[in-house]
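Work through these exercises with the sequence and the model open side by side. Try each task before reading its solution.

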Amino acid sequence: MALSPLAIHDLTEAVLGCVCVALDRTAAQVDGQPGCPSCRACVVPGQVAWDSCDDPCGQESTGGQLTVSVARIFPSTDADFPAEARVVQGVRGCAPPTVTGLELVVTLLRCAPTVTETGCPPTCDELSAAAQVLHVDMTSVFNALLCCLPGTEQRPRGRRFVMGVQRTVGPEGGCVGLEQRVTVALPGCGQCPDDEESP
């Protein structure tokens, strides 16, 4: 069975919403922790552009940038997921792989302390506060994916996925943050088009 047309996009939107809710919940529990970015939380195409990590909306909003993007899509099998399948296609008509692997990238950026106008480096207190925000964000994003991804598919055991590496990114251009990768199994749920429908 082939993938439904919105299988990838619907999942990326669900992951974005899940992470955003988790960030807001954490902000309510940890003093001084920012929640989900108010203006720059979106699904993006391709590689993530570091457009803004500050507060672009005004004093009442939460700054930062949260994005979900697709790194790659590849064939796999039920038995070997998340390994990439090397099965020759086209031998028996439309016979897609039993599982499609989808690697997602969740990126969260916050403001980083920078050099002052007089050339002084950030203080240790400023660096420590920024490090705490980053470390709490890292835990929140990791936990969000672990808790939410199983429920994004209606099947008895939930969706299958493999947590990938989480790494810090930056500081660069006044931004610092994290990049979390996760590989998700997309089972086929659509029909292959008939030969008569082909152009």
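**Exercise 1. The fold in outline**

In what order do the elements of the protein chain run from the N terminus on? Then collect the totals for the chain.

*Solution.*
Step 1. Note first that the model is predicted.
Step 2. Read the elements from the N terminus: α-β-β-β-α-β-β.
Step 3. Count them by type: the protein chain has 2 helices and 5 strands.
Step 4. Take the burial. Of the 199 residues in the protein chain, 36% are buried.
Step 5. Take the surface. The accessible area is about 11,600 Å². Carbon and sulfur atoms hold 53% of that area.
Step 6. Take the contacts with a separation of 6 or more. Residues 24 or more positions apart make up 68% of them.

**Exercise 2. Strand 3 and its partners**

Find which strands pair with strand 3, and explain how far strand 3 is enclosed.

*Solution.*
Step 1. Locate strand 3 at residues 99-111.
Step 2. Look for one partner. Strand 2, residues 65-76, pairs with strand 3 in the antiparallel sense over 11 bridges.
Step 3. Check a bridge on that side: Thr 67 has Thr 107 of strand 3 as its bridge partner.
Step 4. Look for another partner. Strand 5, residues 175-187, is also antiparallel to strand 3, with 13 bridges.
Step 5. Check a position on that side: Leu 102 stands opposite Val 184 in strand 5.
Step 6. Now apply the burial cut-off, under 20% relative accessible area. In strand 3, 12 of the 13 residues are buried, so the rest of the structure largely encloses this strand.

**Exercise 3. Two buried residues in paired strands**

Are Thr 107 and Ser 69 buried or exposed? List what each one touches, leaving out residues up to four places away in sequence.

*Solution.*
Step 1. Place Thr 107: it lies in strand 3.
Step 2. Its relative accessible area is 5%, so Thr 107 is buried.
Step 3. List its contacts: Val 48, Gln 65, Leu 66, Thr 67, Leu 178 and Glu 179. The bridge partner Thr 67 is among them.
Step 4. Take one distance. The C-alpha atoms of Thr 107 and Leu 66 are 5.7 Å apart, although 41 residues separate the two along the chain.
Step 5. Turn to Ser 69, which is found in strand 2.
Step 6. Ser 69 has 4% relative accessibility, so this residue counts as buried too.
Step 7. List its contacts: Val 44, Gly 46, Val 48, Glu 103, Leu 104 and Val 105.
Step 8. Compare the lists. Val 48 touches Thr 107, and Val 48 also touches Ser 69.

**Exercise 4. A glycine in a loop**

Where is Gly 35 placed, and which residues does it contact?

*Solution.*
Step 1. Gly 35 is in the loop between helix 1 (7-29) and strand 1 (41-43).
Step 2. Its relative accessible area is 6%, so Gly 35 is buried despite the loop position.
Step 3. Set aside neighbours within four places in sequence. Gly 35 then contacts Leu 23, Asp 24, Ala 27, Thr 62 and Arg 110.
Step 4. Take the distance to Arg 25, which is 10 residues away along the chain. The two C-alpha atoms are separated by 7.5 Å.

**Exercise 5. The largest pocket**

Which residues lie nearest the centre of the largest pocket? Describe its volume and lining as well.

*Solution.*
Step 1. The largest pocket holds about 230 Å³ of space.
Step 2. Its lining has 13 residues, and nearest the centre lie Gln 47, Val 48, Val 105, Glu 179 and Arg 181.
Step 3. Assign the lining to elements. Strand 2, strand 3, strand 4 (161-172) and strand 5 each give two or more residues.
Step 4. Strand 2 gives the largest share, 3 residues.
Step 5. Sort the lining by type: 6 nonpolar, 4 polar and 3 charged.
Step 6. Link back. Val 48 and Val 105, both near the centre, are contacts of Ser 69.

**Exercise 6. Cis peptide bonds**

Locate two cis peptide bonds that lead into proline.

*Solution.*
Step 1. The bond from Phe 81 to Pro 82 is cis, with omega near 15°.
Step 2. Pro 82 sits in the loop between strand 2 and strand 3.
Step 3. Gly 170 and Pro 171 are also joined by a cis bond, with omega about 5°.
Step 4. Pro 171 is found in strand 4.

Notes. Residues numbered from 1 in each chain as written. Predicted model: local features only at pLDDT ≥ 70, side-chain atom pairs only at ≥ 80, totals over all residues. Heavy atoms only, no water. Helix = DSSP H or I, 4+ residues; strand = E, 2+ residues; numbered from the N terminus. Buried < 20%, exposed > 50% of the residue type's maximum accessible area, 1.4 Å probe, protein only. Contact = heavy atoms within 4.5 Å. Areas by Shrake-Rupley, 256 points an atom, 1.4 Å probe, with all protein chains shown as cover. Pairing = 2+ DSSP bridges. 1 Å grid on protein atoms, 1.4 Å probe; cavity = no way out; pocket = protein on both sides within 12 Å on 5 of 7 lines; lining within 4 Å. Points joined across faces, edges and corners; volume = space filled by probe spheres on them. Nonpolar A, V, L, I, M, F, W, Y, C, P; charged D, E, K, R; others polar.
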